[in-house]
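Please open the model in a viewer and keep the sequence panel visible. The tour below proceeds by selections, each followed by an account of what is found there.

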Amino acid sequence: MIWFLRILLGTIFVSSFLEKIRKYEEHKSIIRDYRILPDRIVPYFSAIEVGLQLLTAALLYLGIFLPVAGMLSAILLAMYSIAVSMNLLKGRTEISCGCGGIVGNHQLSWGLIIRNVLLIACSSVIMTTNTTLGNFEAAFHGQPWGDIINASYFLTIFEALVTLVIWSAASKLLLIRKSLKTELIKGV
């Protein structure tokens, strides 16, 4: 289960990182739209944030410094949740969450906060639970490679990726549904 959660969170962070790097100027613009940071700080913040996403994903995938990986994951998700909450409390729902990657971009909503709280809970489990499967750090402590990488290792990767694909597809279908509903209302 811990390996599954690590793959899930790692893939969320790495896919978000890749999209933010690919659309870096748009990412900085979304951060500005939140109206929390002064404009002069946004370039520095965005660079640090995407760097932390990549570092977190790498630590989660490799299973090294798992307490640090879980903590970084929880901090990033909490930071995003605070920023979204601040804007929701101001009635600013029309801006993009800026999540990107496999979880997609959505307008701000309390649903994003709920999702992030669940992911923070997963991060907390990773932070406090040690496991051998997929934990490359265990190899440095004399654990046999057969315990670290085996059939369960690859099966769990497959299961996590299927889960993410289903999650992404469901998310996109909900966006299409919302868009169609809006168009139907406009057409009436």
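Begin with the whole chain: residues 24 or more positions apart account for 68% of its contacts with a separation of 6 or more, a contact being heavy atoms within 4.5 Å. This is a predicted model, in which local features need pLDDT of at least 70 and side-chain atom pairs count only at pLDDT 80 or more, while totals for chains, interfaces and linings use all residues. Residues are numbered from 1 along each chain as its sequence is written, and side-chain values use heavy atoms, with hydrogens and water left out.

**The whole chain**

Display the chain as a cartoon; eight helices and zero strands appear. Helices (H or I, at least four residues) and strands (E, at least two) are DSSP runs, numbered from the N terminus. The C-alpha trace spans about 65 × 40 × 30 Å along its principal axes. Of the 188 residues, 41% are buried; buried means under 20% relative accessible area, exposed over 50%, and partly exposed in between (1.4 Å probe, protein chains only).

**The nonpolar core**

Next, select Leu 9, Ile 12, Phe 13, Tyr 34, Leu 108 and Ile 126. Within the largest nonpolar core, which has 38 residues, these touch the most other members. Such a core is a set of buried Ala, Val, Leu, Ile, Met, Phe, Trp, Tyr and Cys residues joined through side-chain atoms within 4.5 Å. At least two core residues come from each of α1 (2-22), α3 (42-62), α4 (66-89), α5 (110-128) and α8 (151-187). In soluble globular proteins, nonpolar side chains tend to be buried together.

Centre the view on Leu 9. Neighbours within four places in sequence aside, Leu 9 is in contact with Leu 60, Ser 73, Leu 77, Leu 119, Cys 122, Ser 123 and Ile 126.

**Helix α2 and its cover**

Which residues of α2 are buried? Select His 27, Lys 28, Ile 30 and Ile 31, which are the buried ones. They lie on the same side of α2, because they cover an arc of only 155° around the axis, the arc being that of the directions from the helix axis to the C-beta atoms. Their cover includes α1 and α3.

His 27, at 6% relative accessibility, is buried. Beyond neighbours within four places in sequence, His 27 is in contact with Lys 20, Ser 46, Glu 49 and Val 50. Following α2, Arg 35 has a positive phi, near 55°.

**Salt bridges**

Now show the charged side chains: the structure holds four salt bridges, each a side-chain nitrogen of Lys or Arg within 4 Å of a carboxyl oxygen of Asp or Glu.

- Glu 49 and Lys 20 meet at 2.6 Å, N to O. Glu 49 lies in α3 and Lys 20 in α1, so the pair ties together parts that are 29 residues apart in sequence. Both residues are buried.
- Glu 25 and Lys 28 have their closest N and O atoms 3.2 Å apart. Both lie in α2, three residues apart, about one turn of the helix. Glu 25 is exposed at 55% relative accessible area, whereas Lys 28 is buried at 12%.
- Asp 39 and Arg 32 have their closest N and O atoms 3.9 Å apart. Arg 32 is partly exposed, at 31%.

**A surface patch**

Finally, select Phe 158 in α8, an exposed residue with a relative accessible area of 55%. Leu 155, Val 162 and Ile 166 form a nonpolar surface patch with Phe 158, together offering about 390 Å² of accessible area. Patches of this kind join nonpolar side chains (Val, Leu, Ile, Met, Phe, Trp, Tyr) within 5 Å, from residues with over 30% relative accessible area and no salt bridge. Accessible areas come from the Shrake-Rupley method with a 1.4 Å probe; for residues, only the protein chains shown count as cover.

How values were computed:
Patches are made of residues with over 30% relative accessible area and no salt bridge: like charges are joined within 9 Å, nonpolar side chains (Val, Leu, Ile, Met, Phe, Trp, Tyr) within 5 Å.
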